[in-house]
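Biologist: I would like to learn how to read a protein model, feature by feature. Could we go through one together?

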Amino acid sequence: MKFIFIMCISGLFAFGVCLIAEQTTGRLQTNVLSLDMGTPMDEPFLGFGWSKAEIHSERYFRWVKHLEAEVSFDMDELIDMELSIIAAPLYIKGRRQKIGVYMNNHFIAEWTCPEDPNFKQYQTNVPARFCKKEKNCLILRMGYRKQQKPDPRKLALAVDKIVLDKVRSTKPYKTKQDHDVRIYP
Ligand SMILES: [Ca+2]
């Protein structure tokens, strides 16, 4: 009995520590946002457009269920950043999903996914002049969403990771993937 009581108290303490850790993640520490979508740490950053956390083949992710999905965060410092997401489109034969990227209503890039249901990495640069210290709003804007039975939801894009980090290179970013990327002007 005493052992169970101690276990419960330790569990509550651990839960409390987790909550404190989560609350501190709303701001980018050292200007790095590393969101593992589908895990409990993503929630403080997510606004409109996201479905529930899911897991499939050991990958945690969330679907974008509207034509837009928002991520919001504060920054310590305004510097040029590099955005990278790992995502997979809702597969429709003969169609290629488009992902428009906007930072605080400024157009950043448009990615066209290959006609392929697998997860791939998409990257672009985000200039410091489009960022602000508080309440940045990153928006992913979709080309289509569709219901595929038996799932009752209309879905657009499954997102596994969203990473915003300092630009590592001074050269303009060029994509390595086989999709089209329009770099910001
Ligand atoms: Ca994930």
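Modeller: We will go from the overall fold to single strands, and then to a few residues in loops. Please keep in mind throughout that this is a predicted model.

Biologist: Let us begin with the overall picture: how many helices and strands does the protein have?

Modeller: A useful habit is to take the inventory before any detail. Here the secondary structure comes to one helix and 13 strands, and, read along the sequence, the pattern starts with α and continues with β. Of the 185 residues in the protein, 23% are buried. Among contacts with a separation of 6 or more, 71% are made by residues 24 or more positions apart.

Biologist: How do I read a strand pairing, and which strands pair with S12?

Modeller: One looks at the direction of the two strands, at the number of bridges, and then at residues that stand opposite each other. Strand S12, residues 157–166, pairs with strand S1, residues 33–36, in the antiparallel sense over four bridges, and in that pairing Ser34 stands opposite Val163. Strand S3, residues 59–64, also runs antiparallel to S12 and is joined to it by three bridges, with Arg62 opposite Val159. Strand S5, residues 81–89, pairs with S12 in the antiparallel sense over nine bridges, and there Ile85 has Ile162 as its bridge partner.

Biologist: Which residues have the most contacts inside the largest nonpolar core?

Modeller: The general idea is that in soluble globular proteins, nonpolar side chains tend to be buried together. In this model the largest nonpolar core has 35 residues, and those with the most contacts inside it are Val64, Ile99, Val126, Leu157, Val159 and Ile162. S12 gives the most to this core, with five residues. Ile99 offers a good example of how to follow contacts: leaving aside neighbours within four places in sequence, Ile99 is in contact with residues including Trp111, Tyr122, Leu140, Met142 and Leu157.

Biologist: Met142 appears in that list, so where does Met142 stand in relation to Ile99 in the pairing?

Modeller: Met142 in S9 is the bridge partner of Ile99, and the strands concerned, S6 and S9, run antiparallel and are joined by five bridges. S9 also pairs with S4, again in the antiparallel sense, over six bridges, and in that pairing Phe73 stands opposite Asn136.

Biologist: What are the two faces of S9?

Modeller: In a regular strand the side chains alternate between the two faces of the sheet. In S9 the covered face holds Asn136, Leu138, Leu140 and Met142, whereas Cys137, Ile139 and Arg141 form the uncovered face.

Biologist: How should I describe one residue in such a strand, for example Glu68?

Modeller: I would give its place, its surroundings and its partners in that order. Glu68 lies in strand S4, residues 68–73, and it is partly exposed because 15 other C-beta atoms lie within 10 Å, a count between the 12 or fewer of an exposed residue and the 20 or more of a buried one. Beyond its neighbours within four places in sequence, Glu68 is in contact with Phe48, Gly49, Ile139 and Arg141. Glu68 and Met142 are 74 residues apart in sequence, yet their C-alpha atoms are 6.1 Å apart in space.

Biologist: Turning to the loops, is Asn105 buried or exposed?

Modeller: Asn105 counts as exposed because it has 8 C-beta neighbours inside 10 Å. Asn105 lies in the loop between strand S6 (98–103) and strand S7 (106–112), and its C-alpha atom is separated by 7.9 Å from that of Cys137, which is 32 residues apart from it along the chain. In this loop we also find Asn104, which is partly exposed, with 14 other C-beta atoms within 10 Å.

Biologist: What should I look for in the backbone of such loops?

Modeller: Look at phi and at omega, residue by residue. Asn104 has a positive phi near 50°, in a residue other than glycine. Lys135, which is not a glycine either, has a positive phi of about 55°; this lysine lies in the loop between strand S8 (120–126) and strand S9 (136–142), and it counts as exposed, with 10 C-beta neighbours inside 10 Å. For omega, the peptide bond from Lys149 to Pro150 is cis, with a value near 10°, and Pro150 is placed in the loop between strand S10 (146–147) and strand S11 (154–155).

How values were computed:
Residues are numbered from 1 along each chain as its sequence is written. This is a predicted model: local features need pLDDT of at least 70, side-chain atom pairs count only at pLDDT 80 or more; totals for chains, interfaces and linings use all residues. Two residues are in contact if their C-beta atoms, placed from the backbone, lie within 7 Å. Two strands pair if DSSP finds at least two bridges between them. A nonpolar core is a set of buried Ala, Val, Leu, Ile, Met, Phe, Trp, Tyr and Cys residues joined through C-beta atoms within 7 Å.
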